[in-house]
Amino acid sequence: MEEQRRSVPFECRGCWHVWEEDYLVRSVDDRHGNEREVWVRSGVLVPPPSSAALCPQCGGQQTTIFPEGYLARHPEARLAARPVAPDETALLSPVRPRLL
């Protein structure tokens, strides 16, 4: 059995939060002699990482995965700009209200 540690970088498309999750990937043979990968996180078997991950900051489901090692080569991605705060100015309708 071969083990390898992998850090998978993610980005939330809702709040632009960037984070990494660490996995232990084991290459094992199944009962039929085929090699497969088993992903472990914090000692628990988990499915391989995907873009269906939940953002730890906002709970959003619109995430994307960067290639492995991306954040090590692009540290500026960790400092992704926050979305612009909404304008608090009240909206006024251009249509005059009907008088009864």
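Of the contacts in the protein chain with a separation of 6 or more, 44% are between residues 24 or more positions apart. The model is a predicted one, and buried residues make up 25% of the 100 residues in the chain. Its exposed area is about 8,100 Å², with 52% of that supplied by carbon and sulfur atoms.

The overall dimensions come next. The C-alpha trace spans about 80 × 35 × 20 Å along its principal axes. The radius of gyration of the protein chain is 22 Å, whereas a compact globule of 100 residues would have one near 13 Å.

The secondary structure consists of 5 strands and 1 helix. Along the sequence these elements follow the pattern β-β-β-β-β-α, which places the helix after the strands.

How are the strands arranged in the sheet? They form an open sheet in the order β4-β3-β2-β1-β5, with antiparallel pairing. At the edges lie β4, residues 44-46, and β5, residues 63-65, each of which pairs on one side only. From one strand to the next, the twist averages 40 degrees. As a general point, side chains in a regular strand alternate between the two faces of the sheet.

The pairing of β1 with β2 can be followed residue by residue. Strand β1 covers residues 2-12 and strand β2 covers residues 18-29, and 10 bridges join these antiparallel strands. One position to look for is R6, whose bridge partner in β2 is Y23. The two strands form a hairpin with 5 residues between them. Within that turn, W16 has a positive phi of about 65 degrees.

Strand β1 also pairs with the edge strand β5. This pairing is antiparallel and runs over 3 bridges. Which residue of β5 stands opposite F10? That residue is I65.

Towards the other edge of the sheet, strand β3 takes in residues 35-41 and is joined to β4 by 3 bridges, the two strands running antiparallel. Here W39 has V46 of β4 as its bridge partner.

Taken across the sheet, the route starts at the edge strand β4, passes through β3, β2 and β1 in that order, and finishes at the other edge strand, β5.

Methods:
Residues are numbered from 1 along each chain as its sequence is written. This is a predicted model: local features need pLDDT of at least 70, side-chain atom pairs count only at pLDDT 80 or more; totals for chains, interfaces and linings use all residues. Side-chain values use heavy atoms; hydrogens and water are left out. Two strands pair if DSSP finds at least two bridges between them. Helices (H or I, at least four residues) and strands (E, at least two) are DSSP runs, numbered from the N terminus. Axes are lines fitted to C-alpha atoms, for helices over the stretch in contact, and angles run from 0 to 180 degrees between N-to-C directions. The radius of gyration is taken over C-alpha atoms; the globule rule is 2.2 Å times the number of residues to the power 0.38. Buried means under 20% relative accessible area, exposed over 50%, partly exposed in between (1.4 Å probe, protein chains only). Contact means heavy atoms within 4.5 Å. Accessible areas come from the Shrake-Rupley method with a 1.4 Å probe; for residues, only the protein chains shown count as cover.
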